[in-house]
Amino acid sequence: MFCTTLQKTEVWRLNFKNPVGIAAGFDKQGESIECLHNIGFGFVEIGSVTPKPQPGNEKPRVFRLDKDKAIINRYGFNSEGHDVVYNRIKYLKSKKGFTGIIGVNLGKNKDSKDPIDDYVQGIIKFGDVADYLVINISSPNTPGLRTWQRKEELQHLLETLVVARNNLPGAKKPPLLLKVAPDLTQQDRRDIADVILQDKCHIDGLVISNTTVERVRVLNSEHTKQEGGLSGKPLTHLATELIADMYRLTSGTIPIVGVGGIFSGQDAYEKILAGACLVQLYTSFAYHGPPIVTRIKRELDELVRQGYCVTELINNYV
Ligand SMILES: Cc1cc2nc3c(=O)[nH]c(=O)nc-3n(C[C@H](O)[C@H](O)[C@H](O)COP(=O)(O)O)c2cc1C
């Protein structure tokens, strides 16, 4: 199994100093990695990064839904592109004393003629600096992106990407994760599980989940009608439920990074009970800043100290 004790988590032979990471989208260009580690995150996922630089959608493209503790965004992968972001990570990793875990979340260019190749390029580019790579096919803000979650498309995509990762030179081959949307039907979920359990499409982890295009419950703020992906409190249970489902459908064989509406240690703990071995946040950090990281870690610690072994809890849950 991949979970040992909570405060130090070992997954993919990486030692996470704690299981609470910053989700993709916060540091899209890899400019604040060290700072985010210093704040206390156990790992930092940067991106999404696209091969060529692109501006993303027109502003305004991000909206706070204060009363709902939520955000709607339609950034559309504003990215400085592979080369610039790669050089930043390379420089950081060459600095003495930096040992933090960096995940690189890969996107595709809006005008790409060959989306699969965009991801292949990302794997090749970041293969030697990323501790893990995430294939993001679940952003709602790039037209057509989510169709790569469909069975045949996903099969084709992953067959190619697994080969690209396996062919990377050197002994170090970063784990390949897939980030999925919360708006999946039962059939979609079964299809994804079927595909990722095949040897030739076998990925190393799932990131569950991206933002939702559903307006899952009554929202009370201004801007609720804005187009884009909704994150934060309204997403909490939707994401947890999907984690539990995918954990069950994959028989707990694929490590899950749980993300979506985590505002407290209890929220994080529920993701772990549902099957996640690591968690991430974005929206709660945007609302509450660095103190929430310390608080969530402390609360999680207290829940674990109440006497539970996380591995046992996960096994019991199944
Ligand atoms: C403003 C904003 C930008 C985001 N950009 C990305 C992105 O570029 N790539 C990605 O995979 N997820 C992106 N996300 C999704 C988050 O990584 C996360 O999956 C989602 O927000 C749910 O977590 P939360 O409720 O803690 O925010 C973004 C989220 C927000 C709020």
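Biologist: Which glycine follows α7, and what is the value of its phi?

Modeller: In this predicted model, helix α7 is followed directly by a residue with a positive phi. That residue is glycine 275, and its phi is near 135°.

Biologist: How many of the 10 residues of helix α7 are buried?

Modeller: A residue counts as buried under 20% relative accessible area. In α7, which spans residues 265–274, the residues that meet this cut-off include Asp267, Tyr269 and Lys271. The helix is largely enclosed by the rest of the structure because the number of its buried residues is 7 of the 10.

Biologist: Which peptide bond that ends at serine 48 is cis, and what is its omega?

Modeller: Serine 48 belongs to strand β4. Most peptide bonds are trans. The bond from glycine 47 to serine 48 is cis, with omega near 10°.

Biologist: What is the distance between a nitrogen atom of the ligand and an N or O atom in the side chain of serine 48?

Modeller: Serine 48 is among the closest of the 24 residues that surround the ligand. Its strand, β4 (43–49), gives two or more residues to the shell, as do β6 (70–73) and β11 (229–232). The distance from the side-chain atom of serine 48 to the ligand nitrogen is 2.8 Å.

Biologist: What share of the ligand's exposed area does the protein bury?

Modeller: Oxygen atoms of the ligand lie 2.9 Å from an N or O atom in the side chain of lysine 28 and 2.7 Å from a backbone N or O atom of glycine 261. Taken alone, the ligand exposes 600 Å², and the share of this that the protein buries is 98%.

Biologist: Which cavity corresponds to the space taken by the ligand?

Modeller: The shell around the ligand has 8 nonpolar, 14 polar and 2 charged residues. The space that the ligand takes is the largest cavity.

Biologist: Is serine 251 buried or exposed?

Modeller: Serine 251 lies in the loop between α6 (236–249) and β12 (256–259), and its phi is positive, near 50°. The cut-off for an exposed residue is over 50% relative accessible area. Serine 251 has 60%, so the residue is exposed.

Biologist: Which backbone nitrogen lies 2.9 Å from a polar side-chain atom of asparagine 18?

Modeller: Asparagine 18 is in the loop between β2 (14–16) and β3 (20–22). The residue counts as buried because its relative accessibility is 4%. The backbone nitrogen at 2.9 Å from its side chain is that of valine 20.

Notes
Residues numbered from 1 in each chain as written. Predicted model: local features only at pLDDT ≥ 70, side-chain atom pairs only at ≥ 80, totals over all residues. Heavy atoms only, no water. Near = heavy atom within 4 Å. Polar contact = N/O pair within 3.5 Å; in protein donor to acceptor, adjacent residues only side chain to side chain. Areas by Shrake-Rupley, 256 points an atom, 1.4 Å probe, with all protein chains shown as cover. 1 Å grid on protein atoms, 1.4 Å probe; cavity = no way out; pocket = protein on both sides within 12 Å on 5 of 7 lines; lining within 4 Å. Sits in = over half its atoms within 2 Å of the grid points. Helix = DSSP H or I, 4+ residues; strand = E, 2+ residues; numbered from the N terminus. Nonpolar A, V, L, I, M, F, W, Y, C, P; charged D, E, K, R; others polar. Buried < 20%, exposed > 50% of the residue type's maximum accessible area, 1.4 Å probe, protein only.
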